[in-house]
Amino acid sequence: MKRFFEGVLCGLLNGFFGSGGGVAAVPILEHELRKSSAEIPPEELTRRAHANSVAVIFALSLTAAAAYFFSGSIDFSAAWRYIPAGAAGALAGSLFLRKIRAAWLQKLFGALICAAAVRTMLT
């Protein structure tokens, strides 16, 4: 039942904020991996949580995109301008994930969340 509510939380955040479900998914997945896989080194555990979060958010984003598409809310001319560069950035990020220390990854993730919160409160 706990995973059901965690999934609902990730889905709600993703639907509301556009991939915002990762904010909840990363710490949830880190916790679950830590609990279930004692043999995974901490560095690898953090990387796996971030990678698995992308897979979760992919499915959630497809679901939200379909709902927005059928409601007529997607402007493809605006969206397509970001997709090629975004795909290149996603590929670079996935390659860079293996090279960055887990402690820095966690700090960067936290800084991004804090920056987004400050930006949101100031606008």
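User: What does the secondary structure of the chain come to, in helices and strands?
Analyst: Six helices and zero strands. Helices (H or I, at least four residues) and strands (E, at least two) are DSSP runs, numbered from the N terminus. Along the sequence the pattern reads α-α-α-α-α-α. Bear in mind that this is a predicted model, where local features need pLDDT of at least 70, side-chain atom pairs count only at pLDDT 80 or more, and totals for chains, interfaces and linings use all residues. Residues are numbered from 1 along each chain as its sequence is written, and side-chain values use heavy atoms, with hydrogens and water left out.

User: OK, and what box do the C-alpha atoms fill?
Analyst: Roughly 45 × 35 × 30 Å, taken along the principal axes.

User: What share of the residues is buried?
Analyst: Buried residues make up 24% of the 123 in the chain. Buried means under 20% relative accessible area, exposed means over 50%, and partly exposed is in between, with a 1.4 Å probe and protein chains only.

User: And of the contacts between residues at least 6 apart in sequence, what share joins residues at least 24 apart?
Analyst: That comes to 61%. A contact here means heavy atoms within 4.5 Å.

User: Let's look at His-50. Where is it, and is it buried or exposed?
Analyst: His-50 is in helix α3. His-50 counts as buried because its relative accessibility is 13%.

User: Which residues does His-50 touch?
Analyst: Leaving out residues up to four places away in sequence, His-50 touches Val-26, Glu-30, Leu-97, Leu-105 and Phe-109.

User: Tell me about Leu-97, then. Which helix is it in?
Analyst: Leu-97 is in helix α5, residues 83-97. At 16% relative accessibility, Leu-97 is buried too. Its C-alpha is separated from that of His-50 by 8.6 Å, with their places 47 residues apart along the chain. With residues up to four places away left out again, Leu-97 touches Arg-47, His-50, Ala-51 and Leu-105.

User: What about Thr-46, buried or exposed?
Analyst: Buried, as its relative accessible area is 3%. Thr-46 is found in helix α3. Not counting residues up to four places away in sequence, Thr-46 touches Glu-30, Ala-102, Leu-105 and Gln-106.

User: Switching to pockets: what volume does the second largest pocket have?
Analyst: About 150 Å³. The search runs on a 1 Å grid over the protein atoms alone, and a pocket is an open set of points where a 1.4 Å probe fits, with protein on both sides within 12 Å along at least five of seven lines. Grid points are joined across faces, edges and corners, and the volume is the space filled by probe spheres set on the points.

User: Which residues line that second largest pocket?
Analyst: Arg-3, Glu-6, Gly-7, Cys-10, Ala-25, Ile-28, Leu-29, Glu-32, Val-56 and Leu-60. The elements giving two or more residues to the lining are α1 (2-17), α2 (21-36) and α3 (42-70). A lining residue has an atom within 4 Å of a point.

User: How does the lining divide into nonpolar, polar and charged?
Analyst: Six are nonpolar, one is polar and three are charged. Ala, Val, Leu, Ile, Met, Phe, Trp, Tyr, Cys and Pro count as nonpolar, Asp, Glu, Lys and Arg as charged, and the others, Gly among them, as polar.

User: Cys-10 is in that lining. How many disulfides are there?
Analyst: Zero. A disulfide is a pair of cysteine sulfur atoms within 2.5 Å, and for Cys-10 the nearest cysteine sulfur, that of Cys-114, is 19 Å away. Cys-10 is buried, with a relative accessible area of 6%.

User: Now aromatics. How many aromatic pairs does the structure hold?
Analyst: Three. Phe-4 and Phe-5 form an edge-to-face pair, at 5.2 Å centre to centre and 80° between the planes. Rings of Phe, Tyr and Trp (its six-membered ring) pair if their centres lie within 6.5 Å; planes under 30 degrees apart count as stacked, over 60 as edge-to-face and the rest as tilted.

User: Are those two rings' residues, Phe-4 and Phe-5, buried or exposed?
Analyst: Phe-4 is exposed, with a relative accessible area of 51%, and Phe-5 is exposed, also with 51%.

User: Which residues form an aromatic cluster?
Analyst: Phe-69, Phe-70 and Phe-76 form one.
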